[in-house]
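Trainee: I'd like a close look at one part of this model, please. Pick a single place and walk me through it slowly, with any terms I need up front.

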Amino acid sequence: MKTQNITPQIILGSSSIYRKELLQRLQIPFETEHPDIDEAPLPGESPEETAVRLAEAKARAVAKTYPHALIIGSDQVAALGNTPLSKPLNHQNAIKQLQLVQGKEVVFYTALCLLNSAADRLQSRVIPYHVKFRPLSDRQIENYLCKEQPYHCAGSAKSEGLGIALIERMTGDDPNGLIGLPLIALVDMLMAEDVGIF
């Protein structure tokens, strides 16, 4: 008698609605769990290192509740040069951030990890995405922020919304990574755990 492969439970360790919407594109069953971790960068840590550490920390925090699952952890740190750009959280901070990045290139480092909590097997990658902002006037910045209010987005712009009008150029391997969950890399990781999408 042939045994069927049983797909392990898949948990998205995130409270982000954007990551949840992205993962739904793969049409696989999953649940979400909010990882309760301190997201502050460590002294001397590069933006890329912060993203990887936090993605892994999110997955390991969720593993305490789900010891026999595949857990997806992801984190994104935007940086202008080596200076991290946090979520602005309010209008005034968003104005300052867009004034800072206008005409310049920002790199969004999106770290992704997949933890097999039963085997304590971890895959992780960082997918950078380069975004060149247009030169922007103070009036353009104010008008944009009044329309979209992207106060929970690093870089103060939502590329999947009106923020695309602020951008001159984008380059990278996976545009989903810019929104918060690199699906191309995730499919590779799932396949390495014998989880097929089709």
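Mentor: Happy to. One term first: Ala, Val, Leu, Ile, Met, Phe, Trp, Tyr, Cys and Pro count here as nonpolar, Asp, Glu, Lys and Arg as charged, and the others, Gly among them, as polar. Please keep in mind that this is a predicted model.

Let's take the largest pocket, which holds about 870 Å³ of space. Its lining is made up of 37 residues, and those closest to the pocket's centre are Arg 19, Gln 76, Lys 87, His 152 and Ala 154. Several elements each give two or more residues to that lining: the helices α1 (17-24), α2 (47-63) and α5 (175-179), together with the strands β3 (69-80), β4 (83-85) and β6 (121-133). Sorted by class, the lining has 19 nonpolar, eleven polar and seven charged residues.

Which element gives the most to the lining of this pocket? That is β3, with four residues, and β3 deserves a longer look. The strand is mostly covered, with eleven of its twelve residues buried.

Now follow its pairings. Strand β1 (residues 9-12) runs parallel to β3, and four bridges join the two. You can find this pairing on screen at Gln 9, whose bridge partner in β3 is Ala 69. Strand β5 (residues 105-116) runs antiparallel to β3, with ten bridges between them. A good place to spot that pairing is Leu 70, which has Asn 116 as its bridge partner in β5.

A further pairing involves β4, another of the elements in the pocket lining. β3 and β4 pair in the antiparallel sense over three bridges, and one residue to look for is Leu 80, bridged to Thr 83 in β4. The two strands form a hairpin with two residues between them. Within that turn, Gly 81 has a positive phi of about 65 degrees.

So, to draw the picture together: β3 gives four residues to the lining of the largest pocket, and it is joined to β1 by four parallel bridges, to β5 by ten antiparallel ones and to β4 by three antiparallel ones. When you rotate the model, start from Gln 76, one of the residues closest to the pocket's centre, and then trace β3 from Ala 69, the partner of Gln 9, to Leu 80, the partner of Thr 83.

Notes:
Residues numbered from 1 in each chain as written. Predicted model: local features only at pLDDT ≥ 70, side-chain atom pairs only at ≥ 80, totals over all residues. Heavy atoms only, no water. 1 Å grid on protein atoms, 1.4 Å probe; cavity = no way out; pocket = protein on both sides within 12 Å on 5 of 7 lines; lining within 4 Å. Points joined across faces, edges and corners; volume = space filled by probe spheres on them. Buried < 20%, exposed > 50% of the residue type's maximum accessible area, 1.4 Å probe, protein only. Pairing = 2+ DSSP bridges.
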